[in-house]
Amino acid sequence: MNAQRYEARRETLRAAMREKGLSALLVSHAANRFYLSGFELHDVQLNESAGYLIVTADGNDWLCTDPRYLDAARRLWPEERVFIYSGDAPGQINGLLRDKVRGTVGFEARAVTLDFFDKVSPGLIMERADGMVEEMRVIKEPEEIELMRRSAALNHQLMEWVPGILVPGRTEAEVAWDIEKFFREHGASELAFSSIVGVGPNAALPHYAPGDVPLTENCPVLVDVGARLDLYNSDQTRTFWVGDMPAEHFTRALEQTKAAQEAAIRIMRPGLPVADAYRAARAHFEAQGVAAHFTHALGHGIGLETHEPPSLNPRNEMVLKPGMIVTVEPGLYYPEWGGIRWEYMVLVTEDGVEIL
């Protein structure tokens with residue numbers, strides 16, 4: 001991405017800010033900061049930010065960070081608009097805002113602590129403005145779509161390769177390590193999230209952490225993995241049977257899950273409420289008498305982050321729009337023997353969807 005792309009995104013945001021009467025927006029969420037500036041996709045850790053972006057209605061934007069990131073900031077941003085804080089970041093940003101901004105300052109309430117807000121807000125008119133940047137990010141630009149095609153293709157390549165390492169005697173953790181090495185050796189910068197490899201009953205835990213449980217002859221294995229390639233994430237799940245004698249309950253649940261996924265994808269198109277996609281999958285499970293074993297949303301948006309809006313759940317009033325990329329991942333979970341999940345990444349097109 002070049003500097004002009006980030007500037008164009010900020011101009012789009014400025015128009016939305018003016019509609020809401022905001023003189024500035026304090027951007028704290030790491031992925032939003034990166035989307036608008038190219039600066040630091042990740043924070044160091046949950047309680048330590050790499051910096052903040054102040055987008056103003058008049059176009060005089062500021063990148064705020066600490067001395068560790070000064071050289072990185074200079075490479076992306078005019079140095080005269082880099083604000084370096086040390087120690088009391090919110091207090092010093094408060095001083096900058098009071099000096100440079102007249103009017104209401106929007107802030108991302110879900111991305112800051114109460115302590116940060118208490119220190120950044122004195123003397124300012126501040127208003128919650130969550131979701132403004134996410135509303136832009138949910139529609140992928142053509143260049144983003146192509147990058148996500150590549151990321152999804154790498155994940156699909158992994159899924160074609162992984163059955164060869166599902167060998168009795170190997171542990172979940174060993175398989176997970178092989179998966180990470182495959183991604184890294186094929187160009188990924190990191191995992192999109194910690195790999196999920198669940199054997200037998202562990203496959204019934206949707207967000208299971210791989211351990212020292214070994215694969216056995218004739219057992220189910222759920223593999224839910226993703227990688228970051230050229231900044232953008234992939235996320236796919238498959239459930240495999242190790243051995244040549246799949247249990248009838250496994251085969252039946254796998255067929256039901258794939259059919260539920262197909263039912264949802266079949267109706268997905270621009271203008272469809274995302275809740276209807278969820279309901280289509282659930283209706284299939286209800287017709288089969290297994291809906292009680294479908295325990296989560298149908299999917300989620302994906303991009304710079306693994307989990308982004310929209311969530312494909314029955315309470316979400318959003319509608320599908322061209323350029324959205326979402327996962328479609330129904331599942332059935334049985335604590336006594338395991339679980340099934342089958343996940344595709346899907347691009348919403350002008351007249352339907354395309355499975356990536």
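# How do we know? Reading this model

Q: What joins β18 to β19?
A: A hairpin does, running through four residues. A strand here is a DSSP run of E with at least two residues, and a helix is a DSSP run of H or I with at least four; both are numbered from the N terminus.

Before we go on: this is a predicted model, where local features need pLDDT of at least 70 and side-chain atom pairs count only at pLDDT 80 or more, while totals for chains, interfaces and linings use all residues. Residues are numbered from 1 along each chain as its sequence is written, and side-chain values use heavy atoms, leaving out hydrogens and water.

Q: What makes β18 and β19 (residues 353-355) paired strands?
A: Two strands pair if DSSP finds at least two bridges between them. Here three bridges join β18 to β19, and the two run antiparallel. In one of these bridges V346 has I355 in β19 as its partner.

Q: How do you know that β15 (residues 325-328) and β18 pair too?
A: Same test: count the bridges. There are four of them, in the antiparallel sense. T327 stands opposite M345 in β18. As background, strands of a sheet pair through backbone hydrogen bonds, either parallel or antiparallel.

Q: Why is strand β18 (residues 344-348) called mostly covered?
A: Buried means under 20% relative accessible area, exposed means over 50%, and partly exposed is in between (1.4 Å probe, protein chains only). Four of the five residues of β18 are buried, which is what earns it the label "mostly covered".

Q: Why is R341 called buried?
A: R341 has a relative accessible area of 2%. That value is under the 20% cut-off, so R341 counts as buried. You'll find R341 in strand β17 (residues 338-341).

Q: What makes the approach of R341 to Y333 a polar contact?
A: A polar contact is a pair of N or O atoms within 3.5 Å; within protein, one must be able to donate a hydrogen and the other to accept it, and residues adjacent in sequence count only if both atoms are side-chain atoms. The side chains of R341 and Y333 come to 2.8 Å. The side chain of R341 also reaches the backbone oxygen of P206, at 3.1 Å.

Q: Which residues does R341 contact beyond its neighbours within four places in sequence?
A: Contact means heavy atoms within 4.5 Å. The list for R341 includes I196, L222, D224, H296 and E329.

Q: How do you know that S121 is buried although it lies in a loop?
A: The loop in question runs between α5 (114-120) and β6 (125-128). Relative accessibility of S121 is 15%, so S121 passes the test for buried. A polar atom of the S121 side chain lies 2.7 Å from the backbone oxygen of F117. Leaving out residues up to four places away in sequence, S121 touches N94 and M126.

Q: What makes E40 and D230 partly exposed?
A: E40 has 29% relative accessibility, so it counts as partly exposed. D230 has 34% and therefore gets that label as well. E40 sits in the loop between α2 (30-37) and β2 (52-56), while D230 sits in the one between β10 and β11.

Q: What is notable about the phi of E40?
A: Phi of E40 is near 50°, a positive value in a residue other than glycine. D230 also has a phi near 50°. Most residues other than glycine have a negative phi, and most peptide bonds are trans. On that second point, a cis peptide bond joins P309 and P310, with omega about 0°.

Q: Why do β7 and β11 stand at the edges of their sheet?
A: Three strands form this open sheet in the order β7-β10-β11, with antiparallel pairing. β7 (190-191) and β11 (232-233) each have a single partner strand, so one side of each is left without a neighbour in the sheet. Two bridges link β7 with β10 (residues 227-229), and R228 in β10 is the bridge partner of E190.

Q: How do you know that the size of the chain agrees with a compact globule?
A: The radius of gyration is taken over C-alpha atoms, and the globule rule is 2.2 Å times the number of residues to the power 0.38. For 356 residues that gives a value near 21 Å; the protein chain has 23 Å, which agrees.
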